[in-house]
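User: Got a minute to go through the charged pairs in this one with me? I'd like to sort out who pairs with whom.

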Amino acid sequence: QVQLVESGGGLVQPGGSLRLSCAASGPIFSIDVMGWYRQAPGNQRELVAAIISGTSTNYLDPVKGRFTISKDDAKKTVYLQMNSLKPEDTAVYYCKVDALLRPGGSRYAYWGQGTQVTVSS
């Protein structure tokens, strides 16, 4: 019954900004990793950014310096601030959370529904 709800996508001109949000709900005991993936038509889904337990982050090379991933542990929410957007950033963006439902339990991956980001003039 874990659910991830995404928001913040839309249409923006090149150079513009968007902020994506992904809120997790349900019987989550702990979260190990929160990340954002994207998939453009004809392409494989790729990891855009991830934040590991604590504060460690990792970014796809093309978005380094432009995107910032952050989280609010109390709200179980992860964000992706996207600045200086380019047409090649156009894709469906998916949130993924790796979580435990109980102490010592197995870790499972949960996915958001996806939100469309379109960068076009």
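User: How many salt bridges does a search of the whole structure find?
Analyst: Seven. Keep in mind that this is a predicted model.

User: OK, let's pick one. Which residue does Asp32 form a salt bridge with?
Analyst: Arg107 is the partner, and the closest N and O atoms sit 3.9 Å apart. That is inside the 4 Å cut-off for a salt bridge.

User: Which strands do those two lie in?
Analyst: Asp32 is in strand S4 (residues 30–39) and Arg107 is in strand S10 (residues 107–111), so the salt bridge ties together parts that are 75 residues apart in sequence.

User: And how exposed are they, Asp32 to start with?
Analyst: Asp32 is partly exposed, at a relative accessible area of 22%. Arg107 also counts as partly exposed, with 49% relative accessibility.

User: Next pair. What is the N to O distance between Asp89 and Arg66?
Analyst: Their side chains meet in a salt bridge at 2.8 Å. The two come from distant parts of the chain, 23 residues apart. Asp89 is in the loop between strand S8 (77–82) and strand S9 (91–100), while Arg66 is in the loop between strand S6 (57–59) and strand S7 (67–72).

User: Are Asp89 and Arg66 buried or exposed?
Analyst: Buried, both of them.

User: What about Asp73, which residue is its salt-bridge partner?
Analyst: That would be Lys71, with 2.7 Å between the closest N and O atoms. Asp73 counts as exposed at 54% relative accessibility, whereas Lys71 is partly exposed at 25%.

User: Which residues do shared partners join into one network?
Analyst: Arg38, Glu46, Arg66 and Asp89 are joined that way by salt bridges. You'll recognise Arg66 and Asp89 from the buried pair.

User: Switching topic: where is Ala109?
Analyst: Ala109 belongs to strand S10, the strand that also holds Arg107. Ala109 has a relative accessible area of 42%, which makes it partly exposed.

User: Which residues is Ala109 in contact with, leaving aside neighbours within four places in sequence?
Analyst: Lys96, Val97 and Asp98.

User: And how far apart in space are Ala109 and Ile31?
Analyst: The C-alpha to C-alpha distance is 10.0 Å, and in sequence Ala109 and Ile31 are 78 residues apart.

Methods:
Residues are numbered from 1 along each chain as its sequence is written. This is a predicted model: local features need pLDDT of at least 70, side-chain atom pairs count only at pLDDT 80 or more; totals for chains, interfaces and linings use all residues. Side-chain values use heavy atoms; hydrogens and water are left out. Helices (H or I, at least four residues) and strands (E, at least two) are DSSP runs, numbered from the N terminus. Buried means under 20% relative accessible area, exposed over 50%, partly exposed in between (1.4 Å probe, protein chains only). Contact means heavy atoms within 4.5 Å.
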